[in-house]
Amino acid sequence: MKRKLLFAFLICAALASCKKETLTTYNAPGGKDNIYLGYANTDSVVYSFAYNPTLNQDTVWVPVKISGNRVNHPRSFMLSVDAANSSAVRTLHYQPLKPSYTMPADSGTIHVPVIILNTDTGLVNYSVKLAIQVSGGTDFSSNLPLDIRSKQIVFSNRLEEPAWWPYWGQLGGYSRVKHQLFLISSGTTDLVQLNPQVDPNYFLYIPRDLYYINNMHEFLIDPFNWIKQNPSKGFVLTPRSDNTGDYDFYNQAAPNKKFWLKYFPTVKQLIFMDENKNQILI
């Protein structure tokens, strides 16, 4: 009986001690939420047109996020170029940004298009940097640290030697022009690294990658036939006007990007030349 009374007393005491708690909701300082760029790190965004040589422009989608609550009406913010930290030139390397952008109603994230251009032929020799920064505009605050509100987009039209290239002796020494022709003709953008520490199953991909290398080999031997078999790719060969028998190989969508196909009369053969005036043979 005493145990029952004690148990009942403890229940009553517990109920008596319970109080209704008030939930605390988020209130933005100054009544405005903050805004920032939704990248996982502060590294630069790196892009190369060399992987898409037919493009005269492309779009980098910049994630913009709010720090705060979603609301039932659209809000305005700004994404601007930090000219002091940029080497990219407006209208030459990128299209001008809008004066303001809109975060849609009931949204916490939007991707803003930044259009970069491939019209500067010098991009095959150097990279340019476009520094962008998001700020509050009329409806948001800019109180968050600058490093999460800014980003550098570094882009060019040049290639660098990939880690897998040295493993494939069939390709020979590396050059950027050879790499570009590989991307155009092989049917892939990369090959497997013949290294079990990188991929223990690398040997499974060898037959596939030999097929890709052979595609490039056939292209180098007879680019005229390759063009005939791949009309949808849009490439053409046009003879140069210097009576050398040389040709220019290029895509009709990007006529400023030409590859030199040189005629060697002693062997009566056309051979592609790289940026160092070396023959491209595999």
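Let's start with two strands, β11 and β12, which pair in the antiparallel sense over 4 bridges; two strands count as paired if DSSP finds at least two bridges between them. Within this pair, Y263 stands opposite L270 in β12. The two strands form a hairpin with 4 residues between them, and K268 in the turn has a positive phi of about 50°.

Before going on, a word on the model: it is predicted, so local features need pLDDT of at least 70 and side-chain atom pairs pLDDT 80 or more, while totals for chains, interfaces and linings use all residues. Residues are numbered from 1 along each chain as its sequence is written, and side-chain values use heavy atoms, with hydrogens and water left out.

Stepping back, the protein chain holds 4 helices and 12 strands. These are DSSP runs numbered from the N terminus, with helices being H or I of at least four residues and strands E of at least two. Of the 282 residues in the chain, 37% are buried, meaning under 20% relative accessible area with a 1.4 Å probe, protein chains only. Contacts, defined by heavy atoms within 4.5 Å, often reach far along the sequence: among those between residues at least 6 apart, 63% join residues at least 24 apart.

Now look at the open sheet of 5 strands, whose order is β2-β8-β7-β4-β5, with mixed pairing. Its edge strands, each pairing on one side only, are β2 (45–48) and β5 (101–103). Inside the sheet, β7 (residues 128–135) and β8 (residues 150–156) run antiparallel and are joined by 6 bridges. One of the partnerships here links L130 to I153 in β8.

The hairpin we began with also feeds the largest nonpolar core. Such a core is a set of buried Ala, Val, Leu, Ile, Met, Phe, Trp, Tyr and Cys residues joined through side-chain atoms within 4.5 Å. This one has 28 residues, of which L171, L181, L191, F249 and F272 touch the most other members. Strands β9 (235–239), β11 (254–264) and β12 (269–272) each supply at least two of its residues, as do helices α2 (176–185), α3 (206–221) and α4 (223–229). Not counting residues up to four places away in sequence, F272 touches partners including L181, F219, F249 and W260. Apart from this core lies another, of 26 residues, among them L37, V128, V134 and F155.

Terms used. Buried < 20%, exposed > 50% of the residue type's maximum accessible area, 1.4 Å probe, protein only.
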